[in-house]
Amino acid sequence: MPAADSPASARPGPAHRHALVTGGAGFLGSHLCEQLLVAGTRVTCMDDLCTSDGGNVDHLRDDPRFSFVHHDVSEPFTTADDVDLVLHFASPASPADYLRLPVETLRVGSVGTWHALEAARRTGARMVLASTSETYGDPQVHPQPESYWGHVNPVGPRGVYDEAKRFGEAITTAYRTAHGVDTAIVRIFNTYGPRMRREDGRAIPTFVAQALSGQPMTVAGDGSQTRSVCYVDDTVRGVLAVAASGLPGPFNVGYPEERSVLAIAQAVGEAVGTDPGVEFVGRPVDDPTVRCPDISAIRSAVGWEPQVPFADGLARTVDWFRATAPRLPERGAA
Ligand code: NAD
């Protein structure tokens with residue numbers, strides 16, 4: 001085994017033999033499955049398709065090292081004995097999804113995480129929990145370091161997601177201390193890129209889909225609230241670096257610069273080339289006012305930092321949305 005703190009980039013060959021990726025058919029999960037296969041790791045993708053349709057992994061299904069298991073991880077499951085990495089990414093992630101699936105979100109963050117930890121305990125695998133910047137809630141410390149405990153409203157509408165992830169962090173930590181499971185926690189900040197759903201409800205896919213169809217971009221409030229947005233390739237590289245590191249975290253994974261939501265909409269308008277303007281709409285309850293990661297911990301532990309500038313990531317995202325745009329039926333077609 002390499003030293004626990006050696007950077008992922010220093011490792012020859014795949015860091016792991018066989019990975020179980022829960023939520024592997026989703027936006028982040030599908031990119032993780034793909035990159036693990038590229039690195040030479042076998043992949044079992046387990047997903048109940050509650051917020052995806054399986055299309056994100058269609059291109060992987062012919063690879064004999066890839067298998068798909070249709071299963072809700074909040075129900076018990078078994079895994080192959082040779083699984084040595086569990087990436088627990090199953091969870092509704094967009095506010096539109098977790099507000100539609102509040103109990104399922106709490107179940108997958110609690111019981112689902114417990115099942116993922118039990119799988120890792122049984123096979124001796126390393127388990128990485130996809131946590132979130134939402135554990136910081138509407139933060140009163142800015143930017144947010146991992147040492148900040150957060151400011152979450154447990155009975156507000158977003159509480160189902162934030163508290164599910166906070167419980168997930170607590171049980172992951174308990175399995176490490178009580179059962180010696182090799183665990184890690186990544187607190188992922190807003191990530192964007194190809195394979196997000198147009199109807200996902202998160203800001204960037206919404207703005208891109210609206211701008212491409214010539215509709216005004218719906219900006220919540222006055223758009224002065226800030227977000228940090230990280231391109232998916234960078235986020236995936238950060239998660240895999242933590243997975244390979246042997247370190248427990250928690251580690252923030254995000255872009256260390258914030259932008260106002262209005263500035264993000266304006267940048268989308270420029271990237272699309274035909275700016276349709278914005279329409280201001282009501283701000284969701286408990287919507288965070290600021291959001292920006294302090295990434296010093298992950299930078300010094302595994303040498304990770306984002307490499308894709310916002311303008312480049314946005315251009316790649318717009319290209320993908322354009323290439324996969326639903327075709328309108330031809331005039332006169334049945
Ligand atoms: P996504 O909705 O695209 O993917 C989630 C996947 O999990 C979907 O394929 C869904 O069908 C699956 N899933 C949900 N509940 C399940 C269950 N009970 N059993 C099996 N599969 C289930 O979301 P995403 O953006 O790819 O997010 C993936 C993970 O990363 C989530 O845990 C999310 O909380 C976390 N995260 C994402 C972001 C981001 O910006 N994308 C930020 C912070 C944290």
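Across the protein the pLDDT averages 92, and 94% of the residues score at least 70, in what is a predicted model. Over residues 1-12, however, the pLDDT is below 50, and beyond near neighbours in sequence this stretch has 18 contacts in the model. The model as a whole scores ipTM 0.99 and pTM 0.94. The points below take up the annotated domain, the sheet, the ligand surroundings, and some local features of the backbone.

**Confidence at the other end of the numbering**
- Residues 328-334 also have a pLDDT that stays under 50, and for this stretch the model has zero contacts beyond four places in sequence.

**Annotated domain**
- According to the UniProt annotation, which belongs to an unreviewed entry, residues 19-254 are covered by "domain: NAD-dependent epimerase/dehydratase".
- In the model, the span of residues 19-254 is 36% helix and 19% strand, and the C-alpha atoms at its two ends lie 23 Å apart.

**The sheet and the helix packed on it**
- An open sheet is formed by seven strands, which follow one another in the order β3-β2-β1-β4-β5-β6-β11 and pair in parallel fashion.
- The edges of this sheet are held by β3 (66-70) and β11 (251-253), each of which has a single partner strand, so one side of each is left without a neighbour in the sheet.
- On average, and with direction ignored, neighbouring strands of the sheet are turned by 20° against each other.
- Within the sheet, β5 and strand β6 (residues 182-188) run parallel and are joined by seven bridges, and in this pairing Met127 stands opposite Thr183 in β6.
- Helix α4 (residues 159-179) packs on the sheet, where it touches both β5 and β6, and the direction of α4 makes about 155° with that of β5.
- As background, the strands of a sheet pair through backbone hydrogen bonds, and they may do so in either a parallel or an antiparallel way.

**Surroundings of the ligand**
- There are 29 residues around the ligand, and of these Gly23, Gly26, Ser52, Ser91 and Ala93 come nearest.
- At least two residues of this shell are supplied by each of α1 (27-38), α3 (102-123) and β5 (126-132), with α1 giving the most, namely three residues.
- By character, the residues of the shell divide into 13 nonpolar, twelve polar and four charged.
- β5 therefore appears in two settings, since this strand supplies at least two residues to the ligand shell and is also joined to β6 by bridges.

**Local features of the backbone**
- The peptide bond from His142 to Pro143 is cis, with omega near -10°, and Pro143 is found in the loop between β5 and α4.
- A cis peptide bond also runs from Gly249 to Pro250, where omega is near 5°, and Pro250 is found in the loop that lies between α6 (232-245) and the edge strand β11.
- Leu49, a residue other than glycine, has a positive phi value near 60°, and Leu49 is found in the loop between β2 (42-47) and β3.

Notes
Residues are numbered from 1 along each chain as its sequence is written. This is a predicted model: local features need pLDDT of at least 70, side-chain atom pairs count only at pLDDT 80 or more; totals for chains, interfaces and linings use all residues. A residue is near a molecule or strand if its C-beta atom, placed from the backbone, lies within 6 Å of it. Helices (H or I, at least four residues) and strands (E, at least two) are DSSP runs, numbered from the N terminus. Ala, Val, Leu, Ile, Met, Phe, Trp, Tyr, Cys and Pro count as nonpolar, Asp, Glu, Lys and Arg as charged, and the others, Gly among them, as polar. UniProt positions are given in the numbering used here, feature names are shortened, and annotations may be inferred rather than shown by experiment. Two strands pair if DSSP finds at least two bridges between them. Axes are lines fitted to C-alpha atoms, for helices over the stretch in contact, and angles run from 0 to 180 degrees between N-to-C directions. Two residues are in contact if their C-beta atoms, placed from the backbone, lie within 7 Å. pLDDT is the predictor's confidence in each residue, from 0 to 100.
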